[in-house]
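Thanks for coming. I have one structure to go through today, and I will keep to the sheet, the charged pairs and a bit of the surface. Please look at the model while I talk.

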Amino acid sequence: MKELKRGIMPACMTIWNADETLNKKGMERYLRWVIDKGANNISVCGSTGENIAMTIPEQKEVIEFCVKTIAGEVPVIAGTGHYSTKQTIDVTKFAADCGADAALVILPFYLAPHNRAAMNHYREIHKHTDLPLICYNNPNFAGYELSAIEIAGLYHEGAIAGVKAAQGDVNRVHDAKDTAEEGLWVLYGNDYDPMEAFFAGADGWLSGLPGIFPKFCMDLFQVCAVEKNVDAGRALWKQIKPFIDYFYTYYTRDPHWQEIFKYVLKCQGLEDAGLPRLPLGDLSAEEKRKIDKILQEIAPIL
């Protein structure tokens, strides 16, 4: 089992054929592209990987294929979370057997259990596997979140090894670091304040943007987290701002970020990136023209 590396952790997309089966050739090419662009770790079967659109056998297929394809080149974080503790244990044990290096486990969602029950969810999973667990603390998808004190408690019990702070609020990085003190892996899990998160001490950036712009994201990590150069970080982020403004400011839920990301991959030479699974689909011609223009503008940093 490899230890996670500080840095960029692309939340990888899953590449589908037109019939929605796994496109193994396309997936292998995409994983190779992300690693060659500088990814320190790889995350598969998370939200960006469309785990919510998979059956459990499909989720296992994707995890196994990706782990075997990467073959230990970089650590692999497998998304294994479900509402059901039993199902999460099943997929997490499978990921461990395949050779994954950590499991990303979203809070039990949809029925939104109380926090005590959610904490017991992680404790129970930990009883059945030695795979390091990362709590995917995402109130946008789960409907609630664990506090920094609750995260620190699970960490000091040994139930989790880290947390993905997906709220977007950089203060969550400060709180998790300060409350748990040494050892807890704190990963920034959103796309609009990574620079601030690096300066706040985040150990990594696990989100969708590193999965479509891995070189830029690695460059940003280098100047912010390694060189600790605020001015260089601000200058670099300013260059990606046209895409961020489009992505966050100029749309609500239509087009969907999954549709945008798949198209962005195609524009960078990954023609077989395909489309998200139904009910999502393709972008309109108008949206494609908008993105084409933005990508031309930011091309030097990609």
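Let me start with the charged pairs. The count comes to 18 salt bridges. Before I pick some of them out, a reminder that this is a predicted model.

One of these pairs is D272 with R29, whose side chains meet in a salt bridge at 3.7 Å, N to O. D272 lies in the loop between α11 (257-267) and α12 (285-298), while R29 belongs to helix α1 (residues 24-36), so this pair ties together parts that are 243 residues apart in sequence. For a salt bridge the cut-off is a nitrogen to oxygen distance within 4 Å, and the 3.7 Å of D272 and R29 satisfies it. As for exposure, D272 counts as partly exposed, at 25% relative accessibility. R29 is also listed as partly exposed, with a relative accessible area of 38%.

Next, a pair inside one helix. E64 forms a salt bridge with K68, and their closest N and O atoms are 3.1 Å apart. Both residues lie in helix α2, 4 residues apart, which is about one turn of the helix. Are these two buried, partly exposed or exposed? E64 is partly exposed at 29% relative accessibility, and K68 is exposed at 57%. The reason for the two labels is the cut-off: exposed begins over 50%, buried is under 20%, and partly exposed is in between.

The third pair is E145 and R172, with side chains that meet in a salt bridge at 2.7 Å, N to O. This pair links distant parts of the chain: E145 sits in the loop between α5 (139-142) and α6 (148-157), R172 sits in helix α7 (residues 171-180), and the two are 27 residues apart. E145 has a relative accessible area of 24% and is partly exposed. R172, at 27% relative accessibility, counts as partly exposed too.

There is also a network of salt bridges, which links E20, E58 and R277.

Now the sheet. What is the strand order? The sheet is open, has 8 strands, and reads β1-β8-β7-β6-β5-β4-β3-β2, with parallel pairing. β1 (7-10) and β2 stand at the edges with a single partner strand each, so one side of each is left without a neighbour in the sheet. On average, neighbouring strands of this sheet are turned by 25 degrees against each other, direction ignored.

I will take β3 as the example strand. On one side, β3 runs parallel to strand β2 (residues 42-44), and 3 bridges join them. S43 has I77 in β3 as its bridge partner. β3 is also joined to β4, again by 3 bridges and again in parallel. There, I77 stands opposite A102 in β4. So I77 appears in both pairings, with S43 and with A102.

The helices come in between. β2, helix α2 (residues 56-70) and β3 make a right-handed β-α-β unit. β3, helix α3 (residues 85-98) and β4 make another right-handed β-α-β unit. Helix α2, then, is the one that carries the E64 and K68 pair from earlier.

What about the faces of β3? In a regular strand the side chains alternate between the two faces of the sheet. Strand β3 (residues 76-79) is covered on both faces: V76 and A78 are on one side, I77 and G79 are on the other, and all are buried.

Elsewhere in the sheet, strand β7 (residues 185-188) and strand β8 (residues 204-207) run parallel and are joined by 2 bridges. The bridge partner of Y188 is W205, in β8.

Last, the surface. Which residues form a nonpolar patch there? They are Y83, Y110 and L111, with about 400 Å² of accessible area together. L111 has its place in the loop between β4 (102-106) and α4 (115-127), and L111 is exposed, with a relative accessible area of 56%.

For contrast, take L104, which is in strand β4. L104 counts as buried, at 3% relative accessibility, because the cut-off for buried is under 20%. L104 and Y83, a patch residue, are 21 residues apart in sequence and 13 Å apart in space, C-alpha to C-alpha.

That is what I have.

Conventions: Residues are numbered from 1 along each chain as its sequence is written. This is a predicted model: local features need pLDDT of at least 70, side-chain atom pairs count only at pLDDT 80 or more; totals for chains, interfaces and linings use all residues. Side-chain values use heavy atoms; hydrogens and water are left out. Patches are made of residues with over 30% relative accessible area and no salt bridge: like charges are joined within 9 Å, nonpolar side chains (Val, Leu, Ile, Met, Phe, Trp, Tyr) within 5 Å. Accessible areas come from the Shrake-Rupley method with a 1.4 Å probe; for residues, only the protein chains shown count as cover. Buried means under 20% relative accessible area, exposed over 50%, partly exposed in between (1.4 Å probe, protein chains only). Two strands pair if DSSP finds at least two bridges between them. A crossover is right-handed if, with the strands pointing away from the viewer, the path from the first strand over the helix to the second runs clockwise. Axes are lines fitted to C-alpha atoms, for helices over the stretch in contact, and angles run from 0 to 180 degrees between N-to-C directions.
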